Amino acid sequence: MVLVMKRMGRPLLSQFRDLPPSQKVKFNRLMNEYIQSLGEDWEKVMLDEFNRLVNEDILNEEFDPTTTIVKDNRTDRQVLLSPEQDEWIKSEEAEGRPVLY
């Protein structure tokens with residue numbers, strides 16, 4: 001989404017759901033054009049462009065995290081921990097040892 005929002009001249013952290021209907025049509029058209037233009041090394045090209053946008057245009061000196069909306073704040077430990085970490089916590093809890101997380 002960030003890559004297409006850049007092409008549309010919109011704020012990079014804009015959400016598709018917040019676009020007016022005509023802009024959603026434009027977004028979809030630009031997304032399809034972008035995907036078709038990528039070629040065989042699509043993953044590297046997309047990651048390079050995304051990383052450049054994030055590092056230069058989003059996480060720069062002007063970035064204000066208080067203005068950024070986090071859509072999904074997941075606190076479920078199964079989402080945050082690796083399977084090994086989750087298994088360790090379960091074993092510690094089973095043995096009656098308190099686990100801080």
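Glutamate 92 sits in helix 5, which covers residues 83-94. In this predicted model, glutamate 92 makes a handy starting point, since its surroundings lead on to a small group of charged residues. With a relative accessible area of 14%, glutamate 92 counts as buried, because the cut-off for that label is under 20%. Once neighbours within four places in sequence are set aside, glutamate 92 is in contact with Arg97 and Val99.

The link to arginine 97 deserves a second look. The two side chains make a polar contact of 2.7 Å, and the pair also qualifies as a salt bridge, with 2.7 Å from N to O. What about the other end of that bridge: is arginine 97 buried or partly exposed? At 38% relative accessibility, arginine 97 comes out as partly exposed. Arginine 97 has another partner too, forming a salt bridge with glutamate 95 in which the closest N and O atoms are 3.4 Å apart. Glutamate 95 is exposed, at a relative accessible area of 55%. Put together, Glu92, Glu95 and Arg97 make up a network of salt bridges. So the network takes in a buried residue, glutamate 92, a partly exposed one, arginine 97, and an exposed one, glutamate 95.

Now for the overall picture. The chain has 5 helices and 0 strands, and reading from the N terminus its elements go α-α-α-α-α. Of its 101 residues, 21% count as buried. The accessible surface adds up to about 8000 Å², and carbon and sulfur atoms account for 53% of that. As for how the chain meets itself, take the contacts between residues at least 6 apart in sequence: 35% of these join residues at least 24 apart.

On to the inside. Which residues form the largest nonpolar core? There are 8 of them: Val2, Leu3, Leu12, Tyr34, Leu38, Leu53, Val54 and Ile58. Two elements, helix 1 (2-8) and helix 3 (42-58), each give two or more residues to this core. Helix 3 gives the most, with 3 residues. Apart from this core lies another one, made of 6 residues, including Met8, Leu19, Phe27 and Leu30.

Leucine 12, a member of the largest core, shows what the packing looks like from a single residue. Not counting neighbours within four places in sequence, leucine 12 is in contact with Val2, Met5, Lys6, Leu53, Asp57 and Ile58. Val2, Leu53 and Ile58 in that list are core members as well.

Two other names in the list, Lys6 and Asp57, turn up again among the charged pairs. A search of the whole structure finds 9 salt bridges, and one of them joins lysine 6 to aspartate 57, with the closest N and O atoms 3.0 Å apart. This pair ties together distant parts of the chain: lysine 6 belongs to helix 1 and aspartate 57 to helix 3, and they are 51 residues apart. Lysine 6 is partly exposed, with a relative accessible area of 40%. Aspartate 57 is also partly exposed, at 31% relative accessibility.

Right after lysine 6 comes arginine 7, which is in helix 1 as well. Arginine 7 is partly exposed, at 39% relative accessibility. Which residues does arginine 7 touch, not counting those up to four places away in sequence? They are Leu30, Tyr34 and Glu49. Leu30 belongs to the core of 6 residues, while Tyr34 is part of the largest core. With glutamate 49 the meeting is a polar one, a contact of 3.0 Å between the two side chains. Arginine 7 can also be placed against methionine 31: the two are 24 residues apart along the chain, and their C-alpha atoms are separated by 9.4 Å.

Finally, nonpolar side chains turn up on the outside too. Leu13, Leu59 and Phe63 make a nonpolar surface patch of about 260 Å². One of these, phenylalanine 63, lies in the loop between helix 3 and helix 4 (77-80). Phenylalanine 63 has a relative accessible area of 30%, so it counts as partly exposed, a label that spans the values between the buried limit of 20% and the exposed limit of 50%.

Definitions and conventions: Residues are numbered from 1 along each chain as its sequence is written. This is a predicted model: local features need pLDDT of at least 70, side-chain atom pairs count only at pLDDT 80 or more; totals for chains, interfaces and linings use all residues. Side-chain values use heavy atoms; hydrogens and water are left out. A nonpolar core is a set of buried Ala, Val, Leu, Ile, Met, Phe, Trp, Tyr and Cys residues joined through side-chain atoms within 4.5 Å. Buried means under 20% relative accessible area, exposed over 50%, partly exposed in between (1.4 Å probe, protein chains only). Helices (H or I, at least four residues) and strands (E, at least two) are DSSP runs, numbered from the N terminus. Contact means heavy atoms within 4.5 Å. A polar contact is a pair of N or O atoms within 3.5 Å; within protein, one must be able to donate a hydrogen and the other to accept it, and residues adjacent in sequence count only if both atoms are side-chain atoms. Patches are made of residues with over 30% relative accessible area and no salt bridge: like charges are joined within 9 Å, nonpolar side chains (Val, Leu, Ile, Met, Phe, Trp, Tyr) within 5 Å. Accessible areas come from the Shrake-Rupley method with a 1.4 Å probe; for residues, only the protein chains shown count as cover. A salt bridge is a side-chain nitrogen of Lys or Arg within 4 Å of a carboxyl oxygen of Asp or Glu.
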